[in-house]
Amino acid sequence: MTGPLAGLRVVDAATLFAGPLAAMHLGDMGADVVKVEHPRRPDPSRGHGPAKDGQNLWWKTLGRNKRTMTLDLSHERGQEVFRRLARESDVVIENFRPDTLERWNLGYSDLSAGNPGLVLARVTGFGQVGPYRRRPGFGTLAEAMSGFAAMTGEPDGPPTLPPFGLADGITALATAFAVTSALHARAASGRGQVVDLAILEPMLSVLGPQITRWDQLGTVQPRTGNRSANNAPRNTYRCADGQWVAVSTSSQSIAERVMRLVGRPDVIDEPWFATGSGRAEHVEELDAAVAAWVSVRSRDEVVAEFERVEAAVAPIYDAADIVTDPQLDALGTVVRVDDPDFGEVAMQNVLFRLSETPGSVRWTGRAHGADTSDLLSELGYSLDEIASLRSEGVV
């Protein structure tokens, strides 16, 4: 193993999607991640999204850098195996409903009895306490209850949910951060701890000052579509060739460059142009000027002209554009990984680059239970004991 987390073992006992994605990030940084799945009910993510030749494509990414084993945690012998696995691990990530692990005699007191340094990350919809604690929780609910859906969409349209697991993705990053924070604390104290992470809360953290705004002004952020309530022009614009670009003018100097470029330098001297909120009050006029200028030029022409005057623009990409972009190619953002089913699979690379101890994608998601026997052997089980566990349906 290489990477800054080499030498750590992480048990991924979670499903759909925040917990497993957090474990993936830790594995990318070198941790030995052991994916634990039910022998007869694999992680449902193996059946989500597109497939090719019967092989799920999402799992190829989500399951990367993980060894896989099967284990029935509701079975007494399965619980004994899991406790032994926890004794040999640094982190356990789970997302069962509160009290489920305790019902199986696998709560933190049980797991940490044999490993006081264990970090147990508990990722649920609403956390371990409170009146909603036992509700089923998914990222969609967090996107709804966090305020995200209420502020997303066109002004005259309905609240809008993202077409992907936004809350799960943000929660995965928060979980990985929480785990590494707990491990850093363990280095000083020698003791692990429980991470209680509600998917709702990381979503709140990225949505700006909406709570403070309500507290101090009594107002809520309205739906503004692709526009911003804080500055203008900021929108997506259709080019002459049918392609689209996004323009941002968060800083004053960029706003001035954009309006000079599109032939409206006269507005720069208006008193209201001096602040983002002032420009937002005149969004119709500013948007119309940018849209008209963009509409008679191709996407490449628009991007080239914005770059020439050092204004902020980006083409609206889909996956076909992403894999051919020269900047992303220079960064190594897309990596091709050897795969036993497809020969090679392209996917997004690790999150960031470290100069001395970089992470890496070492292998794609493995088959259900592919490493069960090897992992049981590492835990000290004999061939006869492994056969017995299999015969009883424990693994």
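Biologist: What makes the charged end of Arg-84 count as sitting over the ring of Tyr-381?

Modeller: In this predicted model, the charged end of Arg-84 is 3.9 Å from the centre of the Tyr-381 ring. The definition asks for a distance within 6 Å and a direction within 35 degrees of the ring normal. The distance satisfies the cut-off, and the pair is listed as a charge over a ring.

Biologist: How far from the ring centre of Trp-363 is the charged end of Arg-362?

Modeller: The charged end of Arg-362 sits over that ring at 5.4 Å from its centre. This value is also within the 6 Å allowed.

Biologist: Why is the pair of Phe-126 and Tyr-132 called edge-to-face?

Modeller: The structure holds 5 aromatic pairs. In the one formed by Phe-126 and Tyr-132, the centres are 5.7 Å apart and the planes meet at 75°. Ring centres must lie within 6.5 Å to pair, and planes over 60 degrees apart count as edge-to-face; therefore both conditions are met.

Biologist: Are Phe-126 and Tyr-132 buried or exposed?

Modeller: Phe-126 has a relative accessible area of 14%, and the limit for buried is under 20%; therefore Phe-126 is buried. Tyr-132 stands at 36%, which falls between 20% and 50%, so Tyr-132 is partly exposed.

Biologist: How do you know that Val-36 is buried?

Modeller: Val-36 belongs to strand β2, residues 32–37. Its relative accessibility is 8%, which is under 20%, so Val-36 counts as buried. The C-alpha atoms of Val-36 and Gly-127 are separated by 22 Å, and these residues are 91 apart along the chain.

Biologist: What makes the phi of Asp-53 worth noting?

Modeller: Most residues other than glycine have a negative phi. Asp-53 is not a glycine, yet its phi is positive, about 50°. Asp-53 lies in the loop between β3 (51–52) and β4 (55–56). At 67% relative accessibility, which is over 50%, Asp-53 is exposed.

Biologist: What is the phi of Asn-65, and why is this residue called buried?

Modeller: Phi of Asn-65 is near 60°, a positive value in a residue other than glycine. Asn-65 is in the loop between α2 and β5 (66–70). Its relative accessible area is 0%, which is under 20%, so Asn-65 is buried.

Biologist: Which peptide bond ending at Phe-17 is cis?

Modeller: The bond from Leu-16 to Phe-17 is cis, with omega near -15°. Phe-17 is placed in the loop between β1 (9–13) and α1. Another cis peptide bond joins Ala-232 and Pro-233, with omega about -5°. Pro-233 is in the loop between α10 (210–217) and β9 (235–238). Most peptide bonds are trans.

Biologist: What volume does the largest pocket have, and which residues are closest to its centre?

Modeller: The volume of the largest pocket is about 1,100 Å³. Of the 31 residues that line this pocket, Leu-21, Trp-58, Thr-61, Phe-164 and Gln-348 are closest to its centre. Elements that give two or more residues to the lining include α1 (18–28), α8 (166–189) and β13 (343–348). By type, the lining divides into 20 nonpolar, 7 polar and 4 charged residues.

Biologist: How is the protein chain divided into domains?

Modeller: Domain 1 covers 9–206 + 367–392, and domain 2 covers 234–238 + 244–315. Their centres, taken over C-alpha atoms, are separated by 44 Å.

Terms used:
Residues are numbered from 1 along each chain as its sequence is written. This is a predicted model: local features need pLDDT of at least 70, side-chain atom pairs count only at pLDDT 80 or more; totals for chains, interfaces and linings use all residues. Side-chain values use heavy atoms; hydrogens and water are left out. On a 1 Å grid over the protein atoms alone, a cavity is a set of points where a 1.4 Å probe fits but cannot get out, and a pocket is an open set with protein on both sides within 12 Å along at least five of seven lines; lining residues have an atom within 4 Å of a point. Grid points are joined across faces, edges and corners, and a volume is the space filled by probe spheres set on the points. Helices (H or I, at least four residues) and strands (E, at least two) are DSSP runs, numbered from the N terminus. Ala, Val, Leu, Ile, Met, Phe, Trp, Tyr, Cys and Pro count as nonpolar, Asp, Glu, Lys and Arg as charged, and the others, Gly among them, as polar. Rings of Phe, Tyr and Trp (its six-membered ring) pair if their centres lie within 6.5 Å; planes under 30 degrees apart count as stacked, over 60 as edge-to-face and the rest as tilted. Buried means under 20% relative accessible area, exposed over 50%, partly exposed in between (1.4 Å probe, protein chains only). Domain bounds come from an automatic or database domain assignment.
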